[in-house]
Structure formats: structure tokens, C-alpha cells
Amino acid sequence: MERLMDLHTHTIYSDGDKTPKEIVKQGKEIGLTDLAISDHDIIEGLKTLTEEDLEGINFINAVELTAKAKKGRMHILGYNIDIYNEFLNEKLNNRNDLYNFMLYVEGLKEIFNISFKEEEILEITTRIGNIGRPDLAKLLLKHNYVSSIKEAFDKYLNTVMDSCRDKKRGYTKEECIEMILEAGGIPVLAHPISLDLTKEELIEELKYLKSIGLMGIETRHIHHTPEYTMMLEEIASELNLFTTGGTDYHGEIKPNVKLATGIDNNVHVTSSTMIDYLTNLNKQKIKCIKKNTTNIKTI
């Protein structure tokens, strides 16, 4: 049977509009064999899922960590993490997102003279879950400054982020990889296209990241062209890195992005060397358990 995977999705706990249970249910309905929920800098949504919710699907606990970058955006996915790992939970409880969100609020006011009601900001900052620029994009849309979420980023929020890049709090790329490894996970560079690097610069970056623990590249993504994907697959092979893929699904927040298929079917992930590795690892564990069980003598 052909596998169908989506290893990059978001819920209401970061910037999506569906609960973890709703995404899992939707994944089952469309025939996903493998699914990962990877909210931004938060793992609380994963803790709401039960064994019953996950029955019938290969589910991978994941997180998408935001790393500080001099240009572009660097996100590092952590797969197969222990969501109760003390070190990971302690680091994620720092709430860098809240501090950075208020920088964006101030930036909108200073650069564009746009501000929102205090109660609107308070409603966002007091809710459970990660907060960020998408929340401001929704407010810009609500108050008719823009006609779409994309326009909010293009017209206002990308400029605001660049203006406060040096003031933002966040994790270094080294910290991100350390957090994932400490939680027993697999660090994977998300959507490399967002780094704004040449091929040569990307290869050097990947070599460094691998030297500190990176294990994979997200080669298939809605913003990767077929040519860019092929280039990433070749680099992954040369550097002996796992490959993964996903749609970066957010629900109706990004209405043109569909679970499992992306934008106009531009993402169709049926294989992943990381999933192959995890599957074989799981088989070895089961084999080991069975072997140990047969050695148990009854008295």
C-alpha cells in the first residue's frame, strides 16, 4: 500500500484554526498513513491527544522551533520528541513569542501608525498557545487594512519583522537543535527556501548544522518548486541527511493550502527516509520486546 504523509501541520495552539483532534480526524478521513503536528514553539496541543484519537494512523509528535537568523527565516522541525521531556518543556515556557509579539505591535504603530484596541491585544496575549504575526494579520484583515492574510505580511508584517530583528528574543540554531536532541528527537531544517540563501551558502549552512546535530531536510514543501525540491534531495543524499515533506497546513487561515496535497496538489509526500528510519526502529523495538518475552520462564 502506498503511504500518504503530511509531516508539517499547525493547530490552534500556534497559528492554525483546527484543534489537534480535528486535524487527526481529518487526516484519517483523507487516508493519511503518517501525520505530524508541528506547532510553532509549543507542544501543549500534542498533550491533548489520546491513544484512541491516534488509533489507525502513524502519528509523530513534532514541534517547529524558531531560530534567530540574520536574514530570512530559520525554522527547525523536531520529530519523534518526548513531549514530557523536562529540558524541552522548561525552554519552551520562556514565552519569547509574547515578547516578540509586543515588538510587532509597537512596530506597526511606529512605522505605519496602525494600532488596535487594548482589549483586542489582551485577548490574544492571554490565550493558551503560541502567538505571533499571524494574529496581527487577522486583526489587519478584520479592520480592512488588507484584503488577505498574505497581503498583511507583504504590505506590513514583513517590514515590521525586519525592523525589530535585532531586538527579538529567541533561540539560537544551536539551542533549537539541542532542545530537540535532548528530547530524543530528530532535528530537520524546515522549508530551506525561507533562508534566502544561494545553493553554495545553503550547503555550507547545512554542513554546519549537521556538525551540531541536524539529521534531515524538509525537501518537499508548498513553497518549493520541483527544481528546488530536486536540488534539496541531491544535497540530502550527498550530506547523508534524512528527507521529509509536508504542506505547512494551517486550515482556513491559509485556505489555498490543503492537508496532504498543498496548493493545487503541489505537495504529495508518499515516502520519507526519516519515516523509513523510524518505522525500522519501531520494528526493532517490537522484535526486541517479543524476543525478551519468549525468554521469560514461568514458575
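**Exercise 1: helix 4 and helix 5**

Work out how the axes of helix 4 and helix 5 lie relative to each other in this predicted model.

*Solution.* Start with the two numbers that describe a pair of packed helices: the angle between the axes and the distance between them. Here helix 4 covers residues 96–112 and helix 5 covers residues 118–125; their axes come within 11 Å and cross at roughly 155°. Next, check the cut-off: an angle over 145 degrees counts as roughly antiparallel. So helix 4 and helix 5 are roughly antiparallel to each other. As for handedness, this crossing is right-handed.

Now look at who touches whom. Helix 4 brings Leu 98, Phe 101, Met 102 and Val 105, and these meet Ile 121, Ile 124 and Thr 125 from helix 5. Sort that contact by class and you get six nonpolar residues, one polar and no charged ones.

**Exercise 2: helix 6 and helix 7**

Decide which orientation word fits helix 6 and helix 7, then list the residues in their contact.

*Solution.* Take the geometry to begin with: helix 6 (residues 133–142) packs against helix 7 (residues 149–163) at about 125°, and the axes are 9 Å apart. Angles of 65 to 115 degrees would count as roughly perpendicular, and over 145 as roughly antiparallel. The angle fits neither range, and therefore the two helices are oblique to each other. Helix 6 passes helix 7 in a right-handed crossing.

On the helix 6 side, the contact uses Arg 133, Pro 134, Leu 136, Ala 137, Lys 138, Leu 140 and Leu 141. On the helix 7 side you'll find Ile 149, Ala 152, Phe 153, Tyr 156, Leu 157, Asn 158 and Met 161. Split by class, that gives 11 nonpolar, one polar and two charged residues.

**Exercise 3: helix 8 and helix 9**

Do the same for helix 8 and helix 9, and sort their contact residues by class.

*Solution.* Helix 8 spans residues 173–182 and helix 9 spans residues 199–211; they pack at about 45°, with 10 Å between their axes. Roughly parallel would need an angle under 35 degrees, so this pair is oblique instead. The crossing of helix 8 past helix 9 is right-handed.

For the contact, Lys 173, Glu 174 and Ile 177 of helix 8 meet Glu 205, Tyr 208 and Leu 209 of helix 9. Those residues divide into three nonpolar, three charged and no polar.

**Exercise 4: the second largest pocket**

Find out which elements line the second largest pocket, and what classes of residue they bring.

*Solution.* First, the volume: about 330 Å³. The lining has 11 residues, and Asn 58, Phe 59, Asn 80, Leu 278 and Asn 282 lie nearest the centre of the pocket. Then trace where the lining comes from: strand 3 (58–67) and helix 11 (273–294) each give at least two residues. Helix 11 has the largest share, with five. Finally, the classes: five nonpolar, five polar and one charged residue make up the lining.

Note on methods: Residues numbered from 1 in each chain as written. Predicted model: local features only at pLDDT ≥ 70, side-chain atom pairs only at ≥ 80, totals over all residues. Heavy atoms only, no water. 1 Å grid on protein atoms, 1.4 Å probe; cavity = no way out; pocket = protein on both sides within 12 Å on 5 of 7 lines; lining within 4 Å. Points joined across faces, edges and corners; volume = space filled by probe spheres on them. Helix = DSSP H or I, 4+ residues; strand = E, 2+ residues; numbered from the N terminus. Nonpolar A, V, L, I, M, F, W, Y, C, P; charged D, E, K, R; others polar. Axes fitted to C-alpha atoms, helices over the stretch in contact; angles between N-to-C directions. Left-handed = near helix turned anticlockwise from the far one by under 90°. Contact = heavy atoms within 4.5 Å.
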